[in-house]
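Okay, thanks for coming, everybody. Let me put the structure up and then walk through a few residues and one interface.

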Amino acid sequence: MRRITFIILFFITSLLFGQNTLSLNGHVLDENGHGLPAVNIWIENTSIGTQTNQEGFFSLSNINKGKYNLVISFLGYQTQTRTIDLNENTHIDVQLKPDLKSLHEVTITDKSDEENQKHQSLNTEIVDQNYLQMQSGTSLMKSLSRMPGVSTIDIGSGVSKPVIRGLSFNRLVVIENGSIHEGQQWGADHGLEIDQFSTEKVELIKGPSAIMHGPDAIAGVIKLDQSAIPSQHTVGSKINLGYKSNNQWFGGSAMAYTRLEHFFIKFRITKINYADFRVPTESVDLYSYKVNLNKGNVRNTAGKEDDIHLSFGYLKDRFQTKIYFDHVHNKTGFFANASGLEPLNVDVMLHDASRRDVQMPFQDVKHFKLSSITNYRINRLKFELNLSAQQNLRNEWILYTPHDYMPPQVPDDVGFDENLDKSFNKITYAGHLHLDFRLLEQLRITSGIQSDYQNNKIGGRSFLTPAYQQLRSGAFIQANYEINEKQNFNAGVRYDVGLLNTEAYYNWYLSPIVASNDTQWVNKQRAEALHKQFNNWVASLGYSYNTKKTALKINIGKTFRMPIAKELATNGMNNHMFRYEIGNSNLKPEIAYQIDFGFETHQNKWAAGINPFVSYFPNYIYLNPSYYQDNSDDIKFLQPYYYTEAEVLRAGGEIHSHFFPIENLKLGFIAEYIYAVQISGTKKGFTLPFSPPTNFILNLCYQLPNWKWIGQSKFNIDYKIVMTQNQIVPPEQVTNGYQRIDISWFKQFDFKKQTMSLGIIIRNLLNTKYYEHTSYYRMINLPDPGRNINIQLQIPFSKSIKK
């Protein structure tokens, strides 16, 4: 009887709750009355959200009765907020209006992003997949380099390292799907192991961001997101195809997905293949030697990439969990004349026989990543747990060339192939727990703990940086107080502790040691075992003022980062830079203080913004070339570089503006300036390595009329002016300025109720010969790639399925 009574009560309770659970459906249209796909639909202050399908329809279910603010947001259109009094199942129609105010095509993609920007006192910009397609470069980071304050260190045509306001390597953080990406980012020739097709949204934070993202975020944070969730009860796919003429780059990516009521799954596979890139010159000067190039081809810079991505998740109103698996595998050649001990002794016939093959020297990199994001919301309290496990396998292959006291051939019992120059195997486990609590209506408290463990093993015949184990943990708390509708104040503090153990290293071959007229042959020690503990605190204070037409932001921050194993204990030859690098075990944590300021205004026909900053480093860590030649056996014939500390002052900023002289025509302007000077040490008065030169972009963007045979499309011209970089630090060379023209055309069109997009970009239209100061190959006077015609096609498919 009790069991029957319980079943009846459960049925009645379910029925009552079912009656209070409603659905909200709608149709989103553009200015011409056509359905808009992939529009972000969001119920304010909840985790309920979706996107429209290919016909512009959306559906939200399991919503309790009540009054809600519904937000509708899409690239290039004004965001709308509608108040919905939901008492029954409801259908609405929404027509969006074009937005003529977005600065330099950087667009907020949903309401949560807009709210975050409003309360963020640091300069933050967000772009979506359409922007990445319109700005498509030779790599994902190259596609972002048009954003103010962002540049790259380029290693050929397929590998780029991100730079924010002149800082890179371990001074900025790249986050993919909520977890910090951990590869071998200390190397100038090491790019990011990330599928450029899989990224759906990018958030750029400029300035110290260590409170939430860890102490390495001195320059800022680049967040890469693949979390776009399919609409409920849909199945679909997306195909991306690309071609780039300069290096005969062919790439394709296919993604399939489906979503039921609460469960979704997405799968993507990517393949890329490219040839040697081409420069507008027939020869280069390699350290006073002339090297001829076959038809301008930079021999052995071809490569290929194979990627797999899988994500799935379970989504409810209060609870959400998403799991991601990524595998990126790329094989990239190094310029054959700029690697190894004998760069002039190169088999030219072998390398010039084909542009597409990859011979030694090359790097083979595999990156595995498993990560998860779990959210749970209870009234005013939200928990977020991020977990990740990563493995980075990097092998660098260079033909064996004996030096020092190496034998003519590598013995069979050493445990590695004689042509394996260096090998790195890094495993990282990380976890972040964030608690977000709205203590009062105007006061939000965010706190959390963050920890990661790294184990990096080494192998191969050459030694550069030791194997190490590292454990870091930190805790933070941040408060955000909404003074009123326009003003926000935030403050935060964080404390981190790190333990770093580096392993001793001995040469695998014997070297003579002479003492008291007695010679002994020993395995020479190159690095001692180190046991280091570092700890420090981070703090920030910020204020933001926002109106419909004006935004003002001020942020003051103090941050730090631990010295890495390479800075503390390196003692080896860098084959790609022709130098010998020596660490310093006495380095202290690098400290940085910075003030950021931001101001933007939007008027009817124009908009403008300025983002200056000033930063001070009491002990900036960098590689300092020596003024003398060391004649020891290991360093003979190579210039030694020593890791050192110096006081550094940095300042600069970005300016961006645009103006609409007539309807559909936009004129834009972007400028960037970086100033850096060492105010102590042996290089006092000099700047820092890889300092970007002052540059400007003049932009013309025209929305073409809706012609019958073309339809609506967008035409864009960028005229880039880069000033001469006279501020250098030896052995850098003065880099002359240059001017470059890029043009692009972007079109979205409907085909059988699906919206496809086509982009055609021509970089370096006039095939100008120029040198990029931050290029990896600048030291050997190798110009940047010549004209590059880039074609990108995106073909989506989507249809509804029965519940």
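So, H27 sits in strand β1, which covers residues 21–29. Keep in mind throughout that this is a predicted model. Is H27 buried or exposed? It counts as buried, because its relative accessibility is 16% and the cut-off for buried is under 20%. Who does H27 touch, once we leave aside neighbours within four places in sequence? There's a run of contacts with E55, G56, F57 and F58, another with H91, I92, D93 and V94, and then there's G35.

Let's zoom out to the domains for a second. The domain assignment gives domain 1 as 16–99, while domain 2 comes in pieces: 116–300, 310–360 and 367–800. Between them, the contact takes 18 residues from domain 1 and 20 residues from domain 2. If you take centres over C-alpha atoms, the two domains are 36 Å apart.

Now, how big is that interface? As a reminder, interface size is often quoted as the accessible area lost when the parts come together. Here the area buried between domain 1 and domain 2 is about 1,500 Å², and carbon and sulfur atoms give 34% of that. How many salt bridges does the rule find across the interface of domain 1 and domain 2? Zero. For polar contacts the rule also comes back with zero residue pairs across the interface of domain 1 and domain 2, and there both residues have to be at pLDDT 80 or more. Please hold on to that confidence filter when you read the zero.

On the side of domain 1 that touches domain 2, the elements giving two or more residues are β3 (49–51) and β4 (57–64). β4 provides the largest share of that side, four residues. By class, that side of domain 1 has twelve polar residues, four nonpolar and two charged.

Next up, P230. You'll find P230 in the loop between β14 (220–225) and β15 (234–244). With a relative accessibility of 8%, P230 counts as buried. Setting aside neighbours within four places in sequence, P230 is in contact with T50, Y257, R259, F264 and K266. And for a sense of scale, P230 and N535 are 305 residues apart along the chain, with their C-alpha atoms separated by 43 Å.

That contact list takes us to K266, which is in strand β17, residues 263–274. Buried or exposed, this lysine? K266 counts as buried, because its relative accessibility is just 4%. What does the polar end of the K266 side chain have for company? A polar atom of that side chain lies 3.3 Å from the backbone oxygen of Q226. Beyond four places in sequence, K266 touches E200, Q226, A228 and P230, then M255, A256 and Y257, and finally H309, L310 and S311.

Last one, for contrast: Q739, in strand β42, residues 738–751. Q739 is partly exposed, because its relative accessible area is 44%, and that class lies between 20% and 50%. Not counting residues up to four places away in sequence, Q739 touches Y719, K720, I721 and T768. Q739 and F250 are 489 residues apart in sequence, and C-alpha to C-alpha they are 28 Å apart in space.

Okay, that's my tour; happy to take questions.

Note on methods:
Residues numbered from 1 in each chain as written. Predicted model: local features only at pLDDT ≥ 70, side-chain atom pairs only at ≥ 80, totals over all residues. Heavy atoms only, no water. Domains from an automatic or database assignment. Contact = heavy atoms within 4.5 Å. Buried area = accessible area lost by both parts, 1.4 Å probe. Salt bridge = Lys/Arg side-chain N within 4 Å of Asp/Glu carboxyl O. Polar contact = N/O pair within 3.5 Å; in protein donor to acceptor, adjacent residues only side chain to side chain. Nonpolar A, V, L, I, M, F, W, Y, C, P; charged D, E, K, R; others polar. Buried < 20%, exposed > 50% of the residue type's maximum accessible area, 1.4 Å probe, protein only.
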